[in-house]
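Student: I would like to go through this model and ask what stands behind each label.
Tutor: Go ahead, with the structure in view.

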Amino acid sequence: MFTEARFQSEEAAREHLEMVRWPNGAECPHCGGTERNVRIQGGRAGLWFCGDCRTQFTVTVGTVFERSKVPLNKWLLANHLICSSKKGMSAHQLHRLLGVTYKTAWFMAHRIREAMVPANQGPMGEGGGIVEADETYWGNSNRSKAGKATKKATGRFNGQDKQKIVALVERNGSVRSFHMATVTGRSLKSVLTGNISPTANLMTDDAHFYRRIGKTFASHQAVNHSSGEYSRGDAHTNTVEGFFSILKRGLVGTFHHVAPKHLDRYCQEFNFRYNTRTALGFTDADRARLALKGISGKRLTYRRTKGAQAACTA
Ligand SMILES: [Zn+2]
């Protein structure tokens, strides 16, 4: 696989990216023009000229690859590796495989995660579908400041400062998971009503925050985990728990330490792979192509600033 031309030569990589991003011909990122674009001969590789707004552009302008010094074939390889490994790939692995510095690998992985964030998604469970919602807690409270303070005061860790992740999964469909600062009735309500159709059937465990929110949907069934009940006919949360186990295996096995402020990006990465999983008919190449389609129109929050570099982990 690594021997394919687009992973070996910058020129082949650019051709591949142009084909994926512009299946119907080049599109000017400045004015959206498609009619009067011409390739500039003899200049910098990949340069186009737009006759409508009279500016130059390349296929990476306005994407998460813009202004990167990393050759495009390495970007494509990084993207392929991240898209095809089930549990994700650490910046350390990428650094060794790509022959770029660890910091560069870390920035590349975060930009690729950005590309994996879906554009517009409609409501889940529209027309009577089943959507499971659940929350999980992740992280090591004995490493955090708050955790240490609790231990000092009470003699033990209580886990309250763990990171909170909420996931919504449509049965036989897609997942959306989020890192949340706090999990309360109010914060869950905004996530659930913002993502799930009122015509959906909601399945949760018996956590108290879901009781009132459940009334917003066509139906709500809760399995009574606290009394040892895990399913009752159709009512269960096994699908969302299955997603959490993939996420956690990835976080523990691949990334070792994820700073809380970046956790949501890892959730996005796992959402993307789950939503394009092999069982739904996607191949590794399909997944890589979809991620490449998502490189434009994203906020470039990972500029190479000193402060941001100092903060890099995972
Ligand atoms: Zn233009």
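**Labels and their grounds**

Tutor: To start with helix packing in this predicted model: the buried residues of α11 pack against α2 (10-21), α3 (72-84), α5 (102-116) and α10 (263-275).

Student: Which residues of helix α11 are the buried ones?
Tutor: In α11, residues 284-293, they are R287, A288, A291 and L292. They lie on the same side of α11, because the arc they cover around the axis is only 140 degrees.

Student: What are the residues with the most contacts inside the largest nonpolar core?
Tutor: They are A78, L94, A105, M108, A109 and I112, in a core of 32 residues. Helices α2, α3, α4 (91-98), α5 and α11 each supply at least two residues of that core.

Student: What does L94 touch, not counting residues up to four places away in sequence?
Tutor: L94 touches A78, L81, M89, A105, M108 and A109. A contact requires C-beta atoms within 7 Å. There is also a second, separate core of 30 residues, which includes A133, V169, F243 and Y274.

Student: What makes R67 count as buried or exposed?
Tutor: The cut-off for exposed is 12 or fewer other C-beta atoms within 10 Å. R67 has 10, so R67 is exposed. R67 sits in the loop between β3 (55-57) and α3, and its phi is near 60 degrees, a positive value in a residue other than glycine.

Student: How do you know whether N172 is buried or exposed?
Tutor: By that cut-off of 12 or fewer, N172 counts as exposed, because it has 10 C-beta neighbours inside 10 Å. Its place is in the loop between β5 (163-170) and β6 (175-180). Phi of N172 is near 60 degrees, a positive value in a residue other than glycine.

Student: Why is strand β7 called mostly covered?
Tutor: Of the 5 residues in β7 (201-205), 5 are buried. For each of them that requires 20 or more other C-beta atoms within 10 Å. N201, M203 and D205 point one way from the strand, while L202 and T204 point the other way. In a regular strand the side chains alternate between the two faces of the sheet.

Student: Which strands pair with β7, and in what sense?
Tutor: Strand β4 (residues 130-138) pairs with β7 in the parallel sense over 3 bridges, and I130 stands opposite N201. Strand β8 (residues 219-223) runs parallel to β7 and is joined to it by 5 bridges, with M203 opposite Q221. From β7 the chain crosses to β8 through helix α8 (residues 209-214), in a right-handed β-α-β crossover. Two bridges are the least that pairing needs, so the 3 bridges to β4 and the 5 to β8 satisfy it.

Student: Why are β6 and β8 said to stand at the edges?
Tutor: The open sheet has 5 strands in the order β6-β5-β4-β7-β8. Strands β6 and β8 each have a single partner strand, so one side of each is left without a neighbour in the sheet. From one strand to the next, the twist averages 20 degrees.

Student: In what sense do β4 and β5 pair, and what is the pairing of the sheet called?
Tutor: β4 and β5 pair in the antiparallel sense over 8 bridges, with E135 opposite V166. β4 and β7, in contrast, pair in the parallel sense, and the pairing of the sheet is mixed.

Student: Which helices lie on this sheet?
Tutor: Helix α9 (residues 238-255) packs on it, touching β4, β5 and β6, and its direction makes about 35 degrees with that of β4. Helix α10 lies across β5 and β6 and runs at about 170 degrees to β6. On a scale where angles run from 0 to 180 degrees between N-to-C directions, the value of about 170 degrees puts α10 and β6 in nearly opposite directions.

Student: What makes β1 and β3 edge strands?
Tutor: They belong to an open sheet of 3 strands in the order β1-β2-β3, with antiparallel pairing. β1 (37-39) and β3 each have a single partner strand, so one side of each has no neighbour in the sheet. The twist there averages 30 degrees from one strand to the next. Strand β2 (residues 48-50) pairs with β3 over 3 bridges, and W48 stands opposite F57.

Conventions: Residues are numbered from 1 along each chain as its sequence is written. This is a predicted model: local features need pLDDT of at least 70, side-chain atom pairs count only at pLDDT 80 or more; totals for chains, interfaces and linings use all residues. Helices (H or I, at least four residues) and strands (E, at least two) are DSSP runs, numbered from the N terminus. The arc is that of the directions from the helix axis to the C-beta atoms. Two residues are in contact if their C-beta atoms, placed from the backbone, lie within 7 Å. A crossover is right-handed if, with the strands pointing away from the viewer, the path from the first strand over the helix to the second runs clockwise. A nonpolar core is a set of buried Ala, Val, Leu, Ile, Met, Phe, Trp, Tyr and Cys residues joined through C-beta atoms within 7 Å.
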